[in-house]
Structure formats: C-alpha cells, structure tokens
Amino acid sequence: GEAIAKGTDADSYQMGLNKSQFANNSANFANVEFVVNDGSLQINPRSVKLTSATDEKVYDGQPLTNGVVTVSGDGFVKGEGAAYNVTGSQTNAGSSDNTFTYTLNPGTKADNYVIETAEGTLTVTPMTAEVVVNIQGSKLSKVYNGAEQSVNGYETAISNPLYTEADFAFSGTDSVTGTDAGTYMMGLTPAQFENTNPNFENVTFSVTDGALTITPMPLTITAGSDSKAYNGTPLTNDTFTRTSLAAGDTLASVTVTGSQTDVGSSDNVASDAKLVRGDRDVTANYAIDYLPGTLTVTKNES
C-alpha cells in the first residue's frame with residue numbers, strides 16, 4: 001500500500017497501515033510477525049481572535065461608531081475570512097461596548113477555526129468648550145389702570161446649537177406683578193439656572209433681569225373759564241373739568257386759583273390735585289397736565 005496520510009480541513013487523518021500490507025520476503029526466516037501501528041496526520045484548527053475597534057471623541061450630538069474589526073492570532077488562511085456587522089454606538093457622554101457579529105464567508109468552514117471575539121469600547125467625553133446661555137427676562141411697559149398688572153417669561157439665546165432649553169433647570173420665578181406706577185424687577189439671577197446635561201461641562205448663564213414698568217396715567221385737569229361785565233368785584237370760578245380716571249379712583253380735590261376785577265383777561269389756574277382709591281392716596285399714579293381757563297371782565301355798558 002501507499003504509506004501517506006492526506007488532509008485539508010482540521011481533523012486527524014490515518015495512513016491506513018495494517019499488517020496485511022506487509023509480507024516476509026526472506027527465505028532465511030520462517031516465522032516473521034508484523035506488528036503495525038498506523039501513522040496519522042493531525043491538522044489542528046487555526047486560532048483566530050476578532051476584536052472590534054476602540055474609539056473616543058468629544059460629544060458632538062452625533063453617534064460615535066467604528067466598523068473596523070481586527071483579526072489576530074493565526075488569522076484566516078488566504079481566500080477565507082468573515083463579514084462583520086458592527087452595531088456598537090455611543091452618542092452621549094459615557095462608554096459602551098462596540099458590539100458586533102460576524103458571518104463566515106462561503107467556503108470558510110467553522111470547524112477549521114477556533115474563533116474568539118472581543119469588543120472594543122466606544123467612549124464619548126463631555127464637551128469642555130464654553131457654552132453661553134443668555135437669559136433675557138421679559139420687559140413690558142404698561143400704563144397705570146388701577147388694577148394689578150404683570151409680565152412673565154424670558155427669552156433664551158444659546159451660543160451652541162447642540163444646547164437647548166431642555167438642558168438646564170430654572171429654580172426662580174419668571175414673573176412679576178405691580179399695581180402702582182413704578183418699575184418692578186423680576187429678580188432673575190444666574191444662580192437660578194443650572195446645567196442638567198452631563199454632555200456639557202462648561203455652561204455659563206448670562207442673565208439680564210426682566211421688569212414690569214407701570215407708567216403714570218395721563219390726566220388733564222382744565223380750570224373753568226368765565227366772564228362778566230365790570231362791577232368792581234373780583235370774578236372767580238373754582239370749577240374744572242378732567243379726563244377719565246382709572247376705575248375705582250376718585251379725584252378728591254383740586255385747587256383753582258384765579259381772579260379778575262378790572263376790565264381784561266387772566267388765567268384761571270388749577271393745581272394741587274389729590275386722587276384717592278378708598279383711603280389710599282394714588283396721586284403719584286397720574287401724570288397730571290393742568291390747563292388754565294380764562295377769566296374775562298368786560299366794560300360795563302349800563
């Protein structure tokens with residue numbers, strides 16, 4: 001027989017030797033016994049290690065992926081190998097395994113390989129570049145009307161489009177109310193705003209406070225006008241007219257001073273108006289414009 005063992009795939013291949021294949025050809029020996037141990041070829045599987053990539057980046061809002069798989073160990077023989085489906089992904093700050101699966105190529109037999117897999121690590125680090133969040137409290141100017149008025153809310157302008165209002169917490173009050181003329185501050189401060197997104201490490205809040213401004217209500221008081229023929233006594237008139245007041249307010253008093261005795265004309269002047277709401281003085285809530293009347297004395301023709 002042929003004393004050879006052949007094989008390609010990982011396995012044990014025997015030569016196939018046995019004693020029937022051997023015969024004594026010597027006339028000098030009459031009793032020859034052949035004891036045969038068969039020969040063999042052992043082909044061991046190749047050791048292959050598949051390792052997905054390890055990668056890192058700073059947070060940018062997009063997933064970190066890396067589809068590279070490294071083959072180490074004995075490796076695949078020429079013409080054989082595998083296809084890889086790398087599914088690892090990391091978007092937010094933190095780390096995760098770069099998971100993957102593989103499929104052996106046609107003609108690549110699993111029994112010819114001992115395959116070990118190892119997953120790399122995908123790491124996203126927080127953004128350290130400064131993000132500036134500009135907070136502008138609402139500002140509103142209203143005219144006094146006797147009732148409580150208010151303004152609320154704030155506008156936000158952020159230097160980085162990846163950062164949104166959902167990424168910070170607000171612990172203050174973004175509203176303010178007032179009734180009387182004056183300026184009422186909302187009370188916004190940077191300490192009331194806190195970054196809650198671990199993807200950003202350097203967030204600065206720049207705050208401009210909001211305010212409600214209540215301006216005095218315009219009020220025009222016009223002194224009365226009057227005339228008469230000269231009679232030697234002063235002509236006076238303490239009447240006046242006014243424009244509208246806020247509901248609930250009352251014009252408690254007005255001083256009207258003016259006097260004309262001789263023939264001629266002079267101003268009748270209003271001043272010192274006092275306005276009240278119940279027993280409370282609300283005069284400061286009005287911008288009062290005093291307009292004079294005219295006192296006229298004509299010649300006595302009688």
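This report describes the nonpolar cores, the strand pairings and a few selected side chains of a predicted model.

## The nonpolar cores

The largest nonpolar core has 35 residues, and among these Val 133, Tyr 163 and Tyr 286 touch the most other members. Several strands each supply at least two residues of this core, namely β10 (121-125), β11 (131-137), β19 (203-208), β20 (211-215), β21 (217-223), β24 (250-257) and β25 (264-277). The strand that gives the most to this core is β21, with 4 residues.

Val 133 shows what such a position looks like in detail. When residues up to four places away in sequence are not counted, Val 133 touches Thr 156, Ala 157, Ile 158, Tyr 163, Phe 168, Val 203, Thr 204, Phe 205 and Ser 206. There is also a second, separate core of 7 residues, which includes Leu 50, Val 69, Phe 76 and Ala 82.

## Two open sheets

One open sheet is formed by 3 strands in the order β4-β10-β7, and its pairing is mixed. Because β4 (55-58) and β7 (94-97) stand at the edges and have a single partner strand each, one side of each is left without a neighbour in the sheet. On average, and with direction ignored, neighbouring strands of this sheet are turned by 15 degrees against each other. Within the sheet, β4 and β10 pair in the parallel sense over 4 bridges, and the bridge partner of Val 58 in β10 is Thr 125.

Another open sheet of 3 strands, also with mixed pairing, has the order β23-β21-β27. Here the edge strands are β23 (240-242) and β27 (286-291), each of which pairs on one side only, and the twist from one strand to the next averages 20 degrees. The strands β21 and β27 pair in the parallel sense over 6 bridges, with Ile 221 standing opposite Tyr 290 in β27.

## Strands that pair with β20 and β28

Strand β12 (residues 139-143) runs parallel to β20 and is joined to it by 5 bridges, and Val 143 stands opposite Thr 215 in β20. Strand β17 (residues 182-185) pairs with β20 in the antiparallel sense, over 4 bridges, and in this pairing Gly 182 stands opposite Ile 214.

In a regular strand the side chains alternate between the two faces of the sheet. Strand β28 (residues 293-298) gives an example, since Gly 293, Leu 295 and Val 297 point to one face and are buried, while Thr 294, Thr 296 and Thr 298 point to the other and are not. Strand β22 (residues 226-229) runs parallel to β28 and is joined to it by 4 bridges, with Lys 228 opposite Val 297. The strands β25 and β28, in turn, run antiparallel and are joined by 5 bridges, and the bridge partner of Ser 265 in β28 is Thr 296.

## A buried asparagine in a loop

Asn 285 lies in the loop between β26 (280-281) and β27. Its relative accessibility is 3%, and Asn 285 therefore counts as buried, the cut-off for this being under 20%.

A polar atom of the side chain of Asn 285 lies 2.6 Å from the backbone nitrogen of Ala 181. If the neighbours within four places in sequence are left aside, Asn 285 is in contact with Tyr 144, Asp 180, Ala 181, Pro 216 and Met 217.

## Aromatic rings

A search of the whole structure finds 11 aromatic pairs. One of them joins Tyr 144 and Tyr 286, whose ring centres are 5.6 Å apart and whose planes stand at 75 degrees; planes over 60 degrees apart count as edge-to-face, so this pair is edge-to-face. Because Tyr 144 lies in the loop between β12 and β13 (149-152) and Tyr 286 lies in strand β27, the pair ties together parts that are 142 residues apart in sequence.

Tyr 144 is buried, with a relative accessible area of 2%, and Tyr 286 is buried as well, with a relative accessible area of 6%. Elsewhere in the list of aromatic residues, Tyr 154, Phe 168, Phe 170, Phe 193 and Phe 205 form one aromatic cluster. Two members of this cluster, Phe 168 and Phe 205, are also among the residues that Val 133 touches.

Key
Residues are numbered from 1 along each chain as its sequence is written. This is a predicted model: local features need pLDDT of at least 70, side-chain atom pairs count only at pLDDT 80 or more; totals for chains, interfaces and linings use all residues. Side-chain values use heavy atoms; hydrogens and water are left out. A nonpolar core is a set of buried Ala, Val, Leu, Ile, Met, Phe, Trp, Tyr and Cys residues joined through side-chain atoms within 4.5 Å. Buried means under 20% relative accessible area, exposed over 50%, partly exposed in between (1.4 Å probe, protein chains only). Contact means heavy atoms within 4.5 Å. Two strands pair if DSSP finds at least two bridges between them. Axes are lines fitted to C-alpha atoms, for helices over the stretch in contact, and angles run from 0 to 180 degrees between N-to-C directions. A polar contact is a pair of N or O atoms within 3.5 Å; within protein, one must be able to donate a hydrogen and the other to accept it, and residues adjacent in sequence count only if both atoms are side-chain atoms. Rings of Phe, Tyr and Trp (its six-membered ring) pair if their centres lie within 6.5 Å; planes under 30 degrees apart count as stacked, over 60 as edge-to-face and the rest as tilted.
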